[in-house]
Amino acid sequence: SQARLSSGDIGQVFVGFDPLGLGPASRFLYLWSLLLLFPFRLALLLDILESIHGLDFVILGNDALTSLAGFNGIQTIGNSLFIDSNDNLTSITGFQSLETVAVDVFINDSPLLTSIAGLGSLRTVGFLTVANLTSLPNLDELTSLETVTGTCDIDPQSLLESAPQNVHNACASAGPTAADR
């Protein structure tokens, strides 16, 4: 089975890393270039990959992306998962085994996003930000969320107010939100 990012061009999708220790200048490996060169091998790797340590997983500004699928073997992201500014993204169905994100889960500014079902196994995050997702009806798909160790920023607040009890509990135990500071 192949991991598919979208039905169209995958644009700016990258995983941050610094294999040579050169700092920000060498910090990003662009997956799109690897997918163009090795589409089948990389897709297989992304489905069997279980953890990403010392890396950010970033999906940013890809207007061709409509569905985020695959990555179902990943259980842990040692840094952050950023899904931001993907104007035509409607669903996140990938990441079905993801249980822990050490730093941030940041889902922002994807106005057509209606489903985050792929994050249903997520149990523990450092910081949780869900904002500017005008089509997301609720947070009901975060069925396993237990712990937010940092802050929990949910906007609009009505998403949190209508969230299931486990999300309320996780966010209640988190630090103050940006609105509270």
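Start by selecting strands β6 and β9, which run parallel and are joined by two bridges. One rung to click on is Thr76, whose bridge partner in β9 is Thr100. Before going on, keep in mind that this is a predicted model.

**Along strand β9**

Keep β9 selected and add β7. These strands also pair in the parallel sense, this time over four bridges. Pick Phe82 and look across to Phe106, its bridge partner in β9.

Now bring in β10. β9 and β10 pair in the parallel sense over seven bridges. Click on Ile107 and you will find Val130 of β10 standing opposite.

**A stop at Ile107**

Stay with Ile107, a residue of strand β9. Is Ile107 buried or exposed? Its relative accessibility is 2%, so Ile107 counts as buried.

Show the residues around Ile107. Setting aside neighbours within four places in sequence, Ile107 is in contact with Ile83, Ile92, Leu113, Leu119, Thr129, Val130, Ala131 and Leu133. Try a distance label from Ile107 to Ala131: from C-alpha to C-alpha they are 6.5 Å apart in space, with their positions 24 residues apart in sequence.

**The whole chain**

Zoom out for a moment and switch to the cartoon view. The protein chain has four helices and 12 strands. Of its 181 residues, 44% count as buried. Among contacts in the chain with a separation of 6 or more, 54% are between residues 24 or more positions apart. If you turn on the surface, its accessible area comes to about 8500 Å², and 56% of that belongs to carbon and sulfur atoms.

**Into the nonpolar core**

Hide the surface and select Phe57, Ile92, Phe95, Leu98, Leu119, Leu128 and Leu139. Of the 40 residues in the largest nonpolar core, these touch the most other members. To see where this core draws its residues from, colour β4, β7 (81–84), β9, β10 (124–131), β12 (152–155), α3 (157–161) and α4 (165–172), the elements that give two or more residues to it.

Leu139 is a good place to look around. Leaving out neighbours within four places in sequence, Leu139 is in contact with Ile116, Val130, Ile154, Leu159, Leu160, Ala163, Pro164 and Val167.

**A cluster of rings**

Next, show the side chains of Phe57, Phe71 and Phe95, which form one aromatic cluster. How many aromatic pairs does the structure have? The count comes to four. Take Phe57 and Phe71: their ring centres are 5.0 Å apart and their planes stand at 80°, so this pair is edge-to-face. Phe57 lies in strand β4 (residues 57–60) and Phe71 in the loop between β5 (67–68) and β6 (76–77), so the pair ties together parts that are 14 residues apart in sequence. Phe57 is buried, at a relative accessible area of 0%, and Phe71 also counts as buried, at 0% relative accessibility.

Now turn to Phe57 and Phe95. This aromatic pair is edge-to-face too, with 5.4 Å centre to centre and 85° between the planes. It links distant parts of the chain, 38 residues apart: Phe57 sits in strand β4 and Phe95 in the loop between β8 (91–92) and β9 (100–108).

**The disulfide**

Select the cysteines next. The structure holds one disulfide, formed by Cys152 and Cys171, with their sulfur atoms 1.9 Å apart. What does this pair tie together? Cys152 is in strand β12 and Cys171 in helix α4, so the pair ties together parts 19 residues apart in sequence. Cys152 counts as buried at 3% relative accessibility, and Cys171 counts as buried at 10%.

**Three backbone spots to finish**

Most residues other than glycine have a negative phi, and most peptide bonds are trans. Here are some spots to compare with that.

- **Asp155 and Pro156:** a cis peptide bond joins them, with omega about 10°. Pro156 is in the loop between β12 and α3.
- **Ser85:** although not a glycine, Ser85 has a positive phi of about 60°. Look for Ser85 in the loop between β7 and β8, where it is partly exposed with a relative accessible area of 23%.
- **Asp109:** phi is near 55° here, a positive value in a residue other than glycine. Asp109 is in the loop between β9 and β10 and is partly exposed, with a relative accessible area of 32%.

Conventions. Residues are numbered from 1 along each chain as its sequence is written. This is a predicted model: local features need pLDDT of at least 70, side-chain atom pairs count only at pLDDT 80 or more; totals for chains, interfaces and linings use all residues. Side-chain values use heavy atoms; hydrogens and water are left out. Rings of Phe, Tyr and Trp (its six-membered ring) pair if their centres lie within 6.5 Å; planes under 30 degrees apart count as stacked, over 60 as edge-to-face and the rest as tilted. Buried means under 20% relative accessible area, exposed over 50%, partly exposed in between (1.4 Å probe, protein chains only). Contact means heavy atoms within 4.5 Å. Accessible areas come from the Shrake-Rupley method with a 1.4 Å probe; for residues, only the protein chains shown count as cover. A nonpolar core is a set of buried Ala, Val, Leu, Ile, Met, Phe, Trp, Tyr and Cys residues joined through side-chain atoms within 4.5 Å. Two strands pair if DSSP finds at least two bridges between them. A disulfide is a pair of cysteine sulfur atoms within 2.5 Å.
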